[in-house]
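Biologist: I'd like to learn how to read the sheets and the ligand site in a model like this one. Could you walk me through it?

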Amino acid sequence: MLRLPRFRIAFPTEYGEAAEMLADLGAAELDRARGTPSLRVMLVAGGTDLFPNMKRRQFTPEVLVSLARVRGSSRIESNGHLLIAAGATLTALSRNPLIRERYTALAQAAELISTPQLRNMGTIGGNVCLDTRCNWYDQSLFWRSAEGFCMKTNPDVVCRVATSSPRCLAVASADTVPALLALGAKVHFQDAAGAREVPIAELYREDGIRPTIVSQDEVLTDVTLPDADGWRSTYLKLRDRNAFDFPIAGVAAAVRWDGARVSEARIAITALGSRPLLVDAAAAPLVGSHLEDGAIVAAAEAVHKVARPMDNTSGTISQRKRAALVFTERALRSLRQA
Ligand SMILES: Cc1cc2nc3c(=O)[nH]c(=O)nc-3n(C[C@H](O)[C@H](O)[C@H](O)COP(=O)(O)OP(=O)(O)OC[C@H]3O[C@@H](n4cnc5c(N)ncnc54)[C@H](O)[C@@H]3O)c2cc1C
Ligand code: SF4
């Protein structure tokens with residue numbers, strides 16, 4: 001049995017207080033060569049991803065700043081647009097009638113994450129800020145030290161998946177993110193100095209070690225989604241075991257109907273590279289179409305072209321690339337008008 005390392009825990013009651021704690025406690029990095037590329041202080045929400053990572057000594061923070069007691073952190077409010085506070089649980093998202101009806105891809109994505117117990121604890125904030133994953137990295141310290149680690153633990157070591165790669169190729173694995181991309185979400189952060197808003201399409205980087213532009217002293221406070229008038233959306237996921245596995249390919253599609261034609265479209269993918277991606281080239285053939293077969297095939301080919309899975313999750317590269325194409329077709333067909 002893997003045990004948690006020792007840590008202290010703080011319970012702020014406001015996001016601003018949490019941000020100040022991050023700034024005060026410092027972001028100094030510990031010694032990567034020991035195999036624990038830890039930050040001194042980290043945020044924890046539901047802990048469903050962070051605690052397993054800590055048990056594997058992927059992170060060994062001295063202090064955790066828990067968001068569990070932050071006031072108002074689980075609210076979901078609609079006022080034209082939709083506001084979801086970072087601490088809203090995946091269960092709450094998947095059961096919310098408004099999200100199910102108008103932001104369907106998000107409800108479906110939340111419902112497809114792990115198990116009921118983990119969805120009751122896991123939050124949208126933790127999902128948006130989820131670390132990347134890799135078969136070589138998501139292992140115990142004992143396993144990784146026997147292998148001699150890899151670049152994600154120690155920058156002086158090669159990537160074991162592609163030894164000549166200058167960057168870590170670990171995989172973006174959060175299910176709600178492609179849905180949020182397809183639905184045009186913005187994410188809101190707070191640090192000790194103030195707040196900022198970022199379109200979610202600008203949040204992620206093609207880098208398995210630092211997969212987001214979020215600084216270590218920022219707290220995600222809310223996710224907002226624009227009005228969903230005329231939009232229909234869906235999310236499809238490929239995984240090993242439907243009971244609880246992470247995605248090995250995921251496609252979210254959203255189209256806005258204006259009469260019999262599509263006036264806007266967004267297709268986003270996950271688990272097919274280090275960065276969840278909005279595929280702009282897939283939207284072009286859909287706009288102005290009736291979602292006829294030709295437009296759908298062209299969109300699916302555009303997705304297939306940019307999907308770049310590596311051999312570091314379950315499934316084969318060709319299976320996951322093919323899933324990107326087939327799921328795009330299936331998702332778009334399901335969004336046709338009756
Ligand atoms: C067996 C198993 C199966 C899983 N399957 C899936 C799956 O299929 N799909 C999937 O997407 N996920 C899956 N997960 C991962 C996890 O359960 C979810 O991603 C969940 O949404 C994480 O939320 P959390 O609140 O528990 O995050 P935590 O574990 O608390 O945090 C995750 C990361 O986000 C950071 N963080 C949390 N909140 C904030 C915030 N407000 N601001 C800034 N940073 C923050 C933390 O510092 C940490 O780095 C699985 C986990 C397990 C153990
Ligand atoms: S992709 Fe390479 S560097 Fe990144 S975690 Fe996997 S083996 Fe390590």
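Biologist: Let me start with the open sheet of 3 strands: what is the order of its strands, and is the pairing parallel or antiparallel?

Modeller: Happy to help, and please keep in mind that this is a predicted model. Strands in a sheet are held side by side by backbone hydrogen bonds, in a parallel or an antiparallel sense. Here the order is β1-β3-β2, and the pairing is parallel. Because β1 (8-10) and β2 (41-44) each have a single partner strand, they stand at the edges, and one side of each has no neighbour in the sheet. From one strand to the next, the twist averages 30°.

Biologist: How many bridges join β1 to β3?

Modeller: There are 3 bridges between β1 and β3 (residues 63-66), running parallel. If you want to find the register on your screen, look for arginine 8, whose bridge partner in β3 is valine 63.

Biologist: And which strands of this sheet does helix α1 touch?

Modeller: Helix α1 packs on the sheet with contacts to β1, β2 and β3, and its direction makes about 165° with that of β3.

Biologist: Now the other sheet, please. What is the strand order in the open sheet of 5 strands?

Modeller: Reading across, you get β4-β5-β8-β6-β7, and the pairing is antiparallel. The edges are β4 (76-79) and β7 (194-199), each of which pairs on one side only. On average, neighbouring strands are turned by 20° against each other, direction ignored.

Biologist: Which strands of this sheet does α1 touch?

Modeller: Helix α1 (residues 15-25) packs here as well, touching β6 (186-191) and β8 (219-225); the direction of α1 makes about 140° with that of β8.

Biologist: How would I follow the pairing across that sheet, strand by strand?

Modeller: Count bridges, then pick a residue pair as a landmark. β4 pairs with β5 (residues 81-85) over 4 antiparallel bridges, and serine 78 lies opposite leucine 82 of β5. For β6 and β8 there are 5 bridges, also antiparallel, with phenylalanine 189 partnered by leucine 220 in β8. Between β6 and β7 you will find 6 antiparallel bridges, and valine 187 faces valine 198 in β7.

Biologist: Through how many residues does the hairpin join β6 to β7?

Modeller: That hairpin uses 2 residues to link β6 to β7. While you look at the strands, remember a handy rule: side chains of a regular strand point alternately to one face of the sheet and the other.

Biologist: Last topic: where does ligand 2 sit?

Modeller: You will find ligand 2 in the second largest cavity.

Biologist: Which residues come nearest to ligand 2?

Modeller: Of the 13 residues around ligand 2, the nearest are Cys134, Cys150, Cys159, Cys168 and Leu169. Sorted by class, the shell holds 10 nonpolar, 1 polar and 2 charged residues; cysteine is counted as nonpolar in that sorting.

Notes. Residues numbered from 1 in each chain as written. Chains lettered and ligands numbered in written order. Predicted model: local features only at pLDDT ≥ 70, side-chain atom pairs only at ≥ 80, totals over all residues. Heavy atoms only, no water. Near = heavy atom within 4 Å. 1 Å grid on protein atoms, 1.4 Å probe; cavity = no way out; pocket = protein on both sides within 12 Å on 5 of 7 lines; lining within 4 Å. Sits in = over half its atoms within 2 Å of the grid points. Pairing = 2+ DSSP bridges. Axes fitted to C-alpha atoms, helices over the stretch in contact; angles between N-to-C directions. Contact = heavy atoms within 4.5 Å.
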